[in-house]
Amino acid sequence: MLINNPENFDNNILDEDTPGNKLSEMTYLERKFLNGIIRLTKPKKILEVGVAAGGSSSIILNAIKDMDNSVLYSIDYNEKFYRDKNKDSGFIVKEKFPRLLKNHKLYTGGVSAKFMDEIGGDIDLCLLDTMHSNPGEFLDFLMILPYMKKNAIIIIHDIF
């Protein structure tokens with residue numbers, strides 16, 4: 001399997017986000033990369049910092065759905081989705097993919113450091129996808145770094 005060539009069962013989540021739908025703020029190729037790197041490396045403990053609607057959470061949870069003991073820990077500073085305060089952060093997983101919730105732990109209402117002791121160490125893969133600007137991304141990186149496993153993968157989504 002190539003990173004940019006997802007397995008057939010992954011395409012239903014990756015294709016769910018049409019341009020008018022905007023479930024994810026990642027491009028199609030970025031979503032394929034995220035899915036592929038997870039399917040290739042089979043991480044047990046995944047950390048996502050920056051949830052928004054939950055598009056990336058859905059992709060990650062779908063990618064680990066058949067991996068024993070893999071768990072996604074998601075953190076968002078906001079309790080509510082920044083584009084619609086009537087919706088909770090990460091609402092897409094609950095609304096569209098509730099079958100994937102068994103491998104998910106969502107933390108909202110604070111910076112990464114607030115939750116890291118509870119989440120614990122030995123994180124295999126981390127997606128940093130917050131404000132897309134510095135110094136915020138670097139500060140999040142410093143907050144999670146002590147909890148990362150040696151040779152872990154850290155993906156930083158589009159810093160400008």
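This passage looks at a helix pair, the largest pocket and two loop residues in a predicted model.

A good place to start is the pairing of helix 2 with helix 3. Helix 2 covers residues 28-41 and helix 3 covers residues 55-64; their axes come within 9 Å and cross at roughly 30 degrees. Because angles under 35 degrees count as roughly parallel, helix 2 is described as roughly parallel to helix 3. The crossing of helix 2 past helix 3 is right-handed. On the side of helix 2, the contact is made by R31, L34, N35, I38 and R39. Helix 3 answers with S56, I59, I60, A63 and I64. Sorted by character, the residues of this contact between helix 2 and helix 3 comprise six nonpolar, two polar and two charged.

Helix 3 also leads on to the largest pocket, since it is among the elements that give two or more residues to the lining; the others are strand 2 (71-76) and helix 6 (136-144). The largest pocket holds about 680 Å³ of space. A total of 32 residues line the largest pocket, and those nearest its centre are G50, D76, D129, T130 and M131. With four residues, helix 6 makes the greatest contribution to this lining. The lining of the largest pocket is a mixture of 14 nonpolar, eleven polar and seven charged residues.

The backbone offers two further details for a newcomer to look up, one in each of the loops flanking helix 3. In the loop between strand 1 (45-49) and helix 3 sits A52. The phi angle of A52 is near 55 degrees, which is a positive value in a residue other than glycine. N69 is placed in the loop between helix 3 and strand 2. For N69, phi is near 65 degrees, again a positive value in a residue other than glycine.

Technical notes: Residues numbered from 1 in each chain as written. Predicted model: local features only at pLDDT ≥ 70, side-chain atom pairs only at ≥ 80, totals over all residues. Heavy atoms only, no water. Axes fitted to C-alpha atoms, helices over the stretch in contact; angles between N-to-C directions. Parallel < 35°, antiparallel > 145°, perpendicular 65-115°, else oblique. Left-handed = near helix turned anticlockwise from the far one by under 90°. Contact = heavy atoms within 4.5 Å. Nonpolar A, V, L, I, M, F, W, Y, C, P; charged D, E, K, R; others polar. 1 Å grid on protein atoms, 1.4 Å probe; cavity = no way out; pocket = protein on both sides within 12 Å on 5 of 7 lines; lining within 4 Å. Points joined across faces, edges and corners; volume = space filled by probe spheres on them.
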